[in-house]
Amino acid sequence: MTSYGTIPTDPSPPSSSSSTSTLSFIVGAKERIQSSLGEQRPWNEMIQMHTFNLPTTFNDSIQRIRTNVAFFRINYAIIVFFLLFITLLWTPASFALLLLVLLLWLFLYFLRDNPLILFGRLIDDRVVIMVLFMATVAVLFLTNVTHNITVGLGVGLAVILAHGALRSTEDSFAGDDDGGVGSTTLFRGGDPPLPLKNPASSSFTSS
């Protein structure tokens, strides 16, 4: 016997909401990382040969390094992580443990929006940092990869310093949307630039 007047409704599969929440978490994590660190610059901007020359003075090299680090910070971070990845390939077990520690840092501290609650108790951020730091130190000593990490970081730092000192910043960022080298958007929280005063100019007047 057929009954009329009822419309069967199929409940939405629970996997759909789960996949949606996972996707939203990944998108939100990407946005938070990009907003805190900035955008990655095109790699061809880093290797334009006409922009490489020797700095004139030591202060010039320091200023170049500061400007290039602020401008290419994401690219430099990728280079360092790639070098660390290469040095840790020889110890796959250690690489897996360090990757696990990195994921713990990301999910328990950097990418976490809400307070951490464990067994119904609120965990302070200082406790989270202390536990994660101790876990990182323990993994570094137990896996005996301190030498590998030191080599990777040392090579990465040398690459950053060499590139930052040799790459000129005079006209490299003139077409950038942020306003070029003189723009304070390269340095977060920087003070607005002071107006230029040229005593040799005939139109200069002291205020």
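**Entry 1: arginine 41**

I started with arginine 41, which sits in the loop between α1 (14-37) and α2. A reminder to myself before going on: this is a predicted model. Is arginine 41 buried or exposed? Its relative accessible area is 17%, and the cut-off for buried is under 20%, so I noted arginine 41 as buried.

Next I looked for a partner. I found the side chain of arginine 41 in a salt bridge with that of glutamate 45, at 3.7 Å from N to O. Glutamate 45 is buried, as arginine 41 is.

I also checked what arginine 41 meets further along the chain. Phenylalanine 72 is 31 residues away in sequence, yet I read 6.3 Å between the two C-alpha atoms.

**Entry 2: the overall layout**

I stepped back to see the whole chain. I counted 6 helices and 2 strands. In what order do the elements run from the N terminus? I wrote down α-α-α-α-β-β-α-α. The chain has 207 residues, and 25% of them are buried.

**Entry 3: the other salt bridges**

How many salt bridges does the structure hold? I got 3. As background, side chains of opposite charge can pair when their charged atoms come close.

Having seen the pair at arginine 41, I turned to aspartate 60 and arginine 64. Their closest N and O atoms are 3.7 Å apart, and they form a salt bridge. Both residues belong to helix α2; because they are 4 residues apart there, about one helical turn separates them. I then compared their surroundings: aspartate 60 is partly exposed at 22% relative accessible area, whereas arginine 64 is buried at 5%.

The remaining pair I looked up was aspartate 124 with arginine 126, whose side chains meet in a salt bridge at 3.0 Å, N to O. Here I found aspartate 124 partly exposed, with 36% relative accessibility. Arginine 126 reaches 66%, and since exposed means over 50%, I filed arginine 126 as exposed.

**Entry 4: how α6 meets α2 and α3**

I fixed the limits first: α2 covers residues 58-71 and α6 covers residues 146-166. How do their axes cross? They come within 7 Å, at roughly 110°. Angles of 65 to 115 degrees count as roughly perpendicular, so that is my label for α2 and α6. I noted the crossing of α2 past α6 as right-handed.

Then I took α3 against α6. Their axes lie 8 Å apart and the packing angle is about 150°. An angle over 145 counts as roughly antiparallel, and α3 and α6 are therefore put down as such. The crossing of α3 past α6 is right-handed.

**Entry 5: two contacts far apart in sequence**

Glycine 152 in helix α6 caught my eye. With only 1% relative accessibility, glycine 152 counts as buried. Its C-alpha atom is 8.8 Å from that of phenylalanine 82, although their positions lie 70 residues apart along the chain.

I did a similar check on threonine 169, in the segment after α6. Threonine 169 is buried, with a relative accessible area of 11%. Which residue did I pair with threonine 169? I chose isoleucine 65, 104 residues apart along the chain, and the C-alpha atoms are separated by 9.4 Å.

**Entry 6: a nonpolar patch on the surface**

I looked at the surface next. Phe82, Phe85, Ile86 and Leu89 form a nonpolar patch there, and together they have about 360 Å² of accessible area. I picked one member for a closer look. Phenylalanine 85 lies in helix α3, which spans residues 73-88. Its relative accessible area is 34%, so phenylalanine 85 is partly exposed.

**Entry 7: phenylalanine 119**

I closed with backbone angles. Most residues other than glycine have a negative phi. What is the phi of phenylalanine 119? I read a positive value of about 55°, and this residue is not a glycine. I placed phenylalanine 119 in the loop between β1 (116-118) and β2 (121-123). Phenylalanine 119 counts as exposed, because its relative accessibility is 79%.

Notes. Residues are numbered from 1 along each chain as its sequence is written. This is a predicted model: local features need pLDDT of at least 70, side-chain atom pairs count only at pLDDT 80 or more; totals for chains, interfaces and linings use all residues. Side-chain values use heavy atoms; hydrogens and water are left out. Patches are made of residues with over 30% relative accessible area and no salt bridge: like charges are joined within 9 Å, nonpolar side chains (Val, Leu, Ile, Met, Phe, Trp, Tyr) within 5 Å. Accessible areas come from the Shrake-Rupley method with a 1.4 Å probe; for residues, only the protein chains shown count as cover. A salt bridge is a side-chain nitrogen of Lys or Arg within 4 Å of a carboxyl oxygen of Asp or Glu. Buried means under 20% relative accessible area, exposed over 50%, partly exposed in between (1.4 Å probe, protein chains only). Axes are lines fitted to C-alpha atoms, for helices over the stretch in contact, and angles run from 0 to 180 degrees between N-to-C directions. Angles under 35 degrees count as roughly parallel, over 145 as roughly antiparallel, 65 to 115 as roughly perpendicular and the rest as oblique. A crossing is left-handed if the near helix is turned anticlockwise from the far one by less than a right angle, and right-handed if clockwise.
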